[in-house]
Amino acid sequence: MAVIIREEKVIEGKAYTVKVYRTRPGRLVTDGEKKRAEQLDVALSEKLKQLQREMEEMGLLGLRGKKGKVLRLWHEVGKRLDFVTDSSVVSPEDREYTWRAIYDHAGSLAPGPLTERAKRDPDTSHFSYCHRLSRFPWEFVESAGDWTSWSEFFDRKETKNDPRIIEWLGQKARQGGVAARQNWLRPLTKAIHKEFGDTDTTVFSVAELYERLDRIFAQTRQNGQG
């Protein structure tokens with residue numbers, strides 16, 4: 001399948017917004033795929049309009065841009081973007097383009113102007129991070145830190161290169177591993193970076209990786225950082 005995104009193009013000195021069909025490199029976009037992309041585009045428009053209404057009705061839309069308070073908004077938004085990871089709605093190979101396409105329909109949910117990062121690497125952009133955040137229980141999310149702290153955690157090369165680190169933190173959440181103190185995620189993120197900054201963690205087995213992460217987690221708590 002292909003995904004429609006909207007791009008700014010300058011043609012003969014004039015700026016235009018044009019629809020572009022994006023799919024994996026080297027793949028031919030057939031008429032049938034263009035039709036399915038059009039259907040997905042309509043569905044995204046409807047879903048994002050509904051999402052905006054829900055956030056407004058819940059009184060959360062006004063939190064956008066308010067540091068320290070916006071976390072709840074992005075957690076709720078992320079829960080309602082779960083359809084992006086449903087392979088019956090979006091094929092896995094087109095998922096990253098769908099994260100980009102959401103910006104075209106986000107309206108008042110957009111965190112700001114479209115960034116170069118969202119264009120270049122949409123799988124690590126704002127709405128993708130909202131969805132990752134929503135995989136954690138709200139109480140766990142709130143105790144860990146603010147939106148900046150969570151973004152930094154998702155942003156670290158260690159978590160980008162090895163998704164098992166995020167899975168490990170998810171296991172902590174399911175086990176009730178909430179630290180006694182608030183705002184513990186940033187010190188933990190720094191400690192993980194210090195431990196693994198020059199290491200390819202993918203060479204570790206799950207047991208080895210989790211053992212190391214558990215030790216780091218325990219140490220940050222002992223140091224009064226969690």
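E12 is an exposed residue, with a relative accessible area of 82%; exposed here means over 50%, buried means under 20%, and partly exposed is what falls in between (1.4 Å probe, protein chains only). E12 sits in the loop between β1 and β2, and although E12 is not a glycine, its phi is positive, at about 50 degrees.

A word on ground rules. This is a predicted model, in which local features need pLDDT of at least 70 and side-chain atom pairs count only at pLDDT 80 or more, while totals for chains, interfaces and linings use all residues. Residues are numbered from 1 along each chain as its sequence is written, and side-chain values use heavy atoms, with hydrogens and water left out.

**The overall picture**

The chain has eleven helices and two strands, taken from DSSP runs (helices are H or I with at least four residues, strands are E with at least two) and numbered from the N terminus. Reading from the N terminus, the order is β-β-α-α-α-α-α-α-α-α-α-α-α. Along its principal axes, the C-alpha trace spans about 60 × 45 × 35 Å.

Of the 226 residues, 44% count as buried. The accessible surface is about 12100 Å², and carbon and sulfur atoms own 47% of that; these areas come from the Shrake-Rupley method with a 1.4 Å probe, and for residues only the protein chains shown count as cover. As for contacts (heavy atoms within 4.5 Å), take those in the chain with a separation of 6 or more: 63% of them are between residues 24 or more positions apart.

On the charge side, there are 40 positive and 35 negative side chains, and the centres of the two sets lie 3 Å apart. Lys and Arg count as positive, Asp and Glu as negative, and His and the chain ends are not counted. Each charge is placed at NZ of Lys, CZ of Arg, CG of Asp or CD of Glu.

**Helix α3 and the pocket**

Helix α3 covers residues 95–102, and six of its eight residues are buried. Those are Y97, T98, W99, R100, A101 and I102. What do the buried residues of α3 pack against? They meet both strands, β1 (3–11) and β2 (14–22), plus the helices α1 (31–57), α4 (116–120) and α5 (126–134).

The largest pocket has a volume of about 460 Å³. Its lining has 21 residues, with R132, R135, P163, I166 and E167 nearest its centre. The elements that each give two or more residues to that lining are α3, α5, α8 (157–161) and α9 (164–174). Which of them gives the most? That would be α9, with six residues.

For the fine print, the search runs on a 1 Å grid over the protein atoms alone: a pocket is an open set of points with protein on both sides within 12 Å along at least five of seven lines, a cavity is a set where a 1.4 Å probe fits but cannot get out, and lining residues have an atom within 4 Å of a point. Grid points are joined across faces, edges and corners, and the volume is the space filled by probe spheres set on the points.

**A few residues up close**

Here are some single residues with their places and accessibilities.

| Residue | Element | Relative accessible area |
|---|---|---|
| F140 | helix α6 (residues 138–144) | 2%, buried |
| S149 | helix α7 (residues 147–155) | 8%, buried |
| L60 | loop between α1 and α2 | 10%, buried |
| K69 | loop between α1 and α2 (71–79) | 53%, exposed |

Leaving out neighbours up to four places away in sequence, S149 touches L185 and R186. With neighbours within four places likewise set aside, L60 is in contact with M55, R72, L73 and E76. L60 and E76 are 16 residues apart along the chain, and their C-alpha atoms are separated by 8.8 Å.

Two other pairs are worth a look in the viewer. F140 and T98 are 42 residues apart in sequence and 28 Å apart in space, C-alpha to C-alpha. K69 and R117 are 48 residues apart in sequence, with 24 Å between their C-alpha atoms.
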